Structure formats: structure tokens, C-alpha cells
Amino acid sequence: MTLQEAAARADALAQEGAERELAGLRAEWADELEAAARDPDFRRRAHAYRAIGQFRWRAKEELLRRGLDDESPACRGSALLSLELLSRDHPSTVNGVRSLLHTMATADDNAAVRRLAILVLKNGSPQRETIVLLEGLAGDDEADAELRRAAGGVAQQLKRRQPKR
């Protein structure tokens, strides 16, 4: 079995709620995942960063942070996908890297990575600075139309989740 196949199996186990089997699979693949995340080949690193989310591996969040800084857009995108998955029920996952996500959403060289960073922000706490940043991106006529749409949609979602004053 490859790391990709193990990650797909882990994702299925997580969706079934089979925690014991998932823990066993994590233990079996821990060393392989760590090695893949440090591989010189960006494809192996991208698979490793994606696998962290599929394994629902919260203990590897620090490794994901390294993926967010990777030179490869594929690796940054894979890390963002995992971050989005891990943060669905845990806003603290996004809140811990919020400033990095803000930078990625506004300044990453890759448009797809910028959009993914915006989509990940939807799972964080509805903080004012994030909403203002997203509204600014949504109103930027020079920005890509898909990016503007994503930013506007996430800003609206966060506004709805803000506590009433």
C-alpha cells in the first residue's frame, strides 16, 4: 500500500468513525509520512501534506505549517486542503495560522493557492480584520473574478457568524 492509498483508507475510516483502526493506521504510517514531507520531490511532499488531513492528524499541525511555507504551490495547496479539513470543527486550527493565511490570500504568486487560503479562513473565528481583508479583496477590480467571488462569499459567512452586539 502506498501513502496515498493509506491516506484514502484513513479518510474512509475517519468518516465511519472507526477511531481505533484510524489510530492504528496512523501509527503504521507515521515514519513514512514524516519522510515524505521532507522529500526533495515536491510531489511526495504534496502527497504527505494532503495525507495529514485525510488521516485527521492534529498532532501534525506543525508539519502543515511548514507546508504552508513550501516553495511549491502544489505543496502549499495540499497543506491548505488539509488545514481546511482539520479546521471544520476546530477554529483554533485556522486561528493559529491566521496571519500566514492573510498573507497567502493577498500575496501568494499562485491564484489557486490564494483562493484556497481564502476558503480556509471561513473555518476560523469571525475576526474583524479577516472580514475587512476579505471585503477588500472582493472589491478589488484588478483581482481575479473567482478570487473576488470567493473572498466576498467567505466575508459574508464570517459576518453571519459574528456575535450580535
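Which backbone oxygen lies 2.9 Å from a polar atom of the side chain of Ser-87? Select Ser-87 and look back along the helix: the oxygen belongs to Leu-83. That pair is a polar contact, meaning N or O atoms within 3.5 Å, where within protein one must be able to donate a hydrogen and the other to accept it, and residues adjacent in sequence count only if both atoms are side-chain atoms.

Before moving on, a word on what you have open. This is a predicted model, in which local features need pLDDT of at least 70 and side-chain atom pairs count only at pLDDT 80 or more, while totals for chains, interfaces and linings use all residues. Residues are numbered from 1 along each chain as its sequence is written, and side-chain values use heavy atoms, with hydrogens and water left out.

**Stop 1: Ser-87 and Leu-83**

Stay on Ser-87, which sits in helix α5. Helices here are DSSP runs (H or I, at least four residues), numbered from the N terminus. Ser-87 has a relative accessible area of 0%, so it is buried. Buried means under 20% relative accessible area, exposed means over 50%, and partly exposed is in between, using a 1.4 Å probe and protein chains only. Show its surroundings and, leaving aside neighbours within four places in sequence, you'll find Thr-93, Val-94 and Asn-123 in contact with Ser-87. Contact means heavy atoms within 4.5 Å.

Now click on Leu-83, also a residue of α5. Leu-83 counts as buried because its relative accessibility is 4%. Not counting residues up to four places away in sequence, Leu-83 touches Leu-64, Leu-68, Thr-93, Val-97, Leu-101 and Val-120. For a sense of scale, draw a distance from Leu-83 to Glu-5: C-alpha to C-alpha they are 20 Å apart, with their positions 78 residues apart in sequence.

**Stop 2: α5 against α8**

Colour α5 (residues 73-87) and α8 (residues 111-121): their axes come within 9 Å and cross at roughly 15°. Axes are lines fitted to C-alpha atoms, for helices over the stretch in contact, and angles run from 0 to 180 degrees between N-to-C directions. α5 and α8 are therefore roughly parallel. That label covers angles under 35 degrees; over 145 is roughly antiparallel, 65 to 115 roughly perpendicular and the rest oblique.

To see the contact, show Pro-73, Arg-76, Gly-77, Leu-80, Leu-81, Leu-83 and Glu-84 on the α5 side, with Val-113, Leu-116, Ala-117 and Val-120 on the α8 side. Sorted by class, the residues where α5 meets α8 are eight nonpolar, one polar and two charged. Here Ala, Val, Leu, Ile, Met, Phe, Trp, Tyr, Cys and Pro count as nonpolar, Asp, Glu, Lys and Arg as charged, and the others, Gly among them, as polar.

**Stop 3: α8 against α10**

Keep α8 on screen and add α10 (residues 145-161), which packs with α8 at about 10°, the axes 9 Å apart. That angle makes α8 roughly parallel to α10. From α8, pick Arg-114, Arg-115, Ile-118, Leu-119 and Leu-121; from α10, pick Glu-146, Leu-147, Ala-150, Ala-151, Val-154 and Leu-158. The contact of α8 with α10 has eight nonpolar residues, no polar ones and three charged.

**Stop 4: α7 against α9**

Next, select α7 (residues 98-107) and α9 (residues 128-138), which pack at about 5° with axes 11 Å apart. α7 and α9 are therefore roughly parallel too. α7 brings Arg-98, His-102, Ala-105 and Thr-106 to the contact, and α9 brings Glu-129, Thr-130, Leu-133 and Leu-137. By class, the α7 and α9 contact splits into three nonpolar, three polar and two charged residues.

**Stop 5: the loop between α3 and α4**

Finally, go to Arg-56, in the loop between α3 (42-54) and α4 (61-68). Most residues other than glycine have a negative phi. Arg-56 is not a glycine, yet its phi is positive, about 55°. Its side chain reaches the backbone oxygen of Gln-54 at 3.1 Å. Arg-56 counts as partly exposed because its relative accessibility is 22%. Beyond its neighbours within four places in sequence, Arg-56 is in contact with Asp-11, Ala-14, Gln-15, Arg-26, Leu-85 and Leu-86.

In that loop between α3 and α4 you'll also find Lys-60. Is Lys-60 buried or exposed? At 13% relative accessibility, Lys-60 counts as buried. The side chains of Lys-60 and Glu-34 are joined by a polar contact of 2.5 Å.

How values were computed. Helices (H or I, at least four residues) and strands (E, at least two) are DSSP runs, numbered from the N terminus.
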